Amino acid sequence: MLNLTSRAKTHTCNGTTRRDFLQVGTLGMLGFGLPQLLAAEAAGAAGKNTDRKSCIMIFNLGAPSQMDTFDPKPNAPVEVRGPFKTIATRGDFELTEILPKHAEIADMFSIVRSCYHTAAAVHDAGWQMLQTGRQFTGGVNYPHAGAVVEYLQGRRTDLPAHVVLPQTMGRGGGNLPNGQAGGFLGKAYDPFALMADPSQPNFKVPDLLPPSSLPDVRIDRRRRMRDSIESHMARFESTESAKLFDANFEAAYRMMNSPEARMAFDLSKEPTSVRERYGMNRFGQCCLLARRLIEAGVRFVTINTFLTVFNEVTWDIHGSKPFTTIEGMKNIVAPMYDQAYSALITDLHDRGLLDDTMVCGLAEFGRTPKVNPAGGRDHWPQCFSCTFAGGGVVGGRAVGKSDPVGGVPADRPTNPGEIIATIFKAMDLDLHAELPGPGGRPFPLVDFGVREIKELFA
């Protein structure tokens with residue numbers, strides 16, 4: 001790493017992080033790629049500054065139990081239907097009683113109850129499938145949907161095009177890439193990860209601040225210092241790494257000096273009543289921050305409901321430690337999610353943003369139809385539910401259906417490729433477009449024959 005602000009001699013090392021890049025005035029992990037963006041614009045692929053399409057992807061780490069949330073089975077045996085009653089909603093479907101606020105806004109979102117995938121029943125594999133539309137094979141890492149949007153449409157403002165809240169996923173147990181990166185598009189298209197908890201009283205965005213080790217060095221001075229060594233780096237400047245360095249430097253400088261960027265991340269500007277409506281917890285405040293970022297021009301926000309499935313109360317309801325029980329889901333997870341999701345959808349609607357902002361609630365798989373001996377449910381990729389709102393989606397519908405025990409799709413089976421195609425369609429991307437794939441070969445945005453879930457829009 002080049003460290004231009006240390007009092008010691010400039011040196012190089014491995015293991016560069018985003019904060020390391022800030023030492024030379026750049027956010028290496030921001031996901032900005034100005035040269036690539038300019039090339040896309042020249043080719044006519046990038047979106048115009050007048051476009052308004054955005055997406056918020058809520059990724060429900062751990063995977064909600066479809067029978068206990070979005071696809072209740074009241075007529076099934078007790079070991080299948082679980083302990084919760086069903087409730088009527090404002091949509092053409094029922095939910096379970098642990099999602100009462102969803103029921104109140106059910107005319108504003110729709111459910112796809114027939115999702116499935118064929119990857120292994122491990123978290124990491126499902127993370128890959130549902131965020132990229134494909135399973136990683138042959139050493140090829142596919143880009144997150146947000147990375148694709150950024151590549152094709154660029155950014156609108158000084159803010160990143162794709163932000164992950166509150167941080168990228170942690171360990172999933174399978175030791176596989178989690179699908180939350182730029183993949184073969186390169187590090188330039190990795191998302192900007194907040195790396196902070198917005199519910200904390202002292203919340204600040206680390207990468208909007210000068211490094212703490214350099215209180216006496218101004219941001220402008222870093223730019224001048226970088227300029228002063230350019231004459232000694234002719235060989236380096238001719239490399240691809242140098243081009244990425246330049247792009248990331250300019251992006252970091254712009255964001256750190258942008259009042260609009262600072263304002264977007266400043267939750268103190270929100271009335272206390274609004275913050276409390278979302279819930280004064282990490283997920284609730286991430287949802288509120290996502291709304292502010294969309295409002296400020298960010299194209300794609302990914303919210304991780306949880307950071308890992310281990311030693312944390314999540315949707316991963318195996319029933320015994322280090323996982324969660326059904327009671328833990330009922331008393332902790334569902335109320336938190338129910339409150340924040342309903343506040344987000346309502347807030348976007350009231351502000352006139354929902355029509356142009358798709359909000360999708362995804363998960364890596366579902367849960368086993370039968371409750372296990374520990375009183376929980378295990379991994380089940382054969383059938384699960386996902387929700388969609390805004391972005392042209394017609395609310396109040398249940399698309400597809402599962403069999404009587406929620407075990408397999410009985411109608412309109414829907415795979416991850418179709419889910420990602422639906423997001424791309426809502427973002428006004430051409431599903432026939434191509435990306436620069438491994439080895440420079442053209443790579444299709446979605447596989448041949450894959451289309452969006454049309455029933456959500458018609």
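This report covers the sheet, two helix contacts, a pocket and some backbone features of a predicted model.

**The sheet**

Eight strands form an open sheet with mixed pairing. Their order is β6-β5-β7-β1-β8-β11-β4-β12. β6 (192-193) and β12 (398-399) stand at the edges. Each has a single partner strand, so one side of each lacks a neighbour in the sheet.

Strand β1, residues 54-59, pairs with strand β7, residues 300-304. The sense is parallel, and the pairing runs over five bridges. Within it, Ile56 has Val301 of β7 as its bridge partner.

Helix α13 (residues 326-350) packs on this sheet. The helix touches β1, β4 (109-115), β8 (357-362) and β11 (384-389). The direction of α13 makes about 165° with that of β8.

**Helices α5 and α14**

Helix α5 spans residues 123-132, and helix α14 spans residues 416-426. They pack at an angle of about 40°, with their axes 7 Å apart. The two helices are therefore oblique to each other; the oblique class excludes angles under 35 degrees, over 145, and from 65 to 115.

On the α5 side, the contact involves Met129, Leu130, Gln131 and Thr132. These meet Pro416, Ile419 and Ile420 in α14. By class, the contact has five nonpolar residues, two polar ones and no charged ones.

**The second largest pocket**

The second largest pocket has a volume of about 240 Å³. Its lining has 14 residues. Phe203, Lys204, Val205, Phe265 and Asp266 lie nearest the centre of this pocket. The lining divides into eight nonpolar, two polar and four charged residues.

**Backbone features in loops**

Two cis peptide bonds are listed here, each leading into a proline.

| Cis peptide bond | Omega | Place of the proline |
|---|---|---|
| Leu165 to Pro166 | about -15° | Pro166: loop between β5 (162-165) and β6 |
| Lys321 to Pro322 | near 5° | Pro322: loop between β7 and α13 |

The loop with Pro166 leads to an edge strand of the sheet, β6. The loop between β7 and α13 holds Pro322 and also Asn311. Phi of Asn311 is near 55°. That is a positive value in a residue other than glycine.

The β7 strand before this loop is the parallel partner of β1, and the α13 helix after the loop touches β1.

Technical notes: Residues numbered from 1 in each chain as written. Predicted model: local features only at pLDDT ≥ 70, side-chain atom pairs only at ≥ 80, totals over all residues. Heavy atoms only, no water. Pairing = 2+ DSSP bridges. Helix = DSSP H or I, 4+ residues; strand = E, 2+ residues; numbered from the N terminus. Contact = heavy atoms within 4.5 Å. Axes fitted to C-alpha atoms, helices over the stretch in contact; angles between N-to-C directions. Nonpolar A, V, L, I, M, F, W, Y, C, P; charged D, E, K, R; others polar. 1 Å grid on protein atoms, 1.4 Å probe; cavity = no way out; pocket = protein on both sides within 12 Å on 5 of 7 lines; lining within 4 Å. Points joined across faces, edges and corners; volume = space filled by probe spheres on them.
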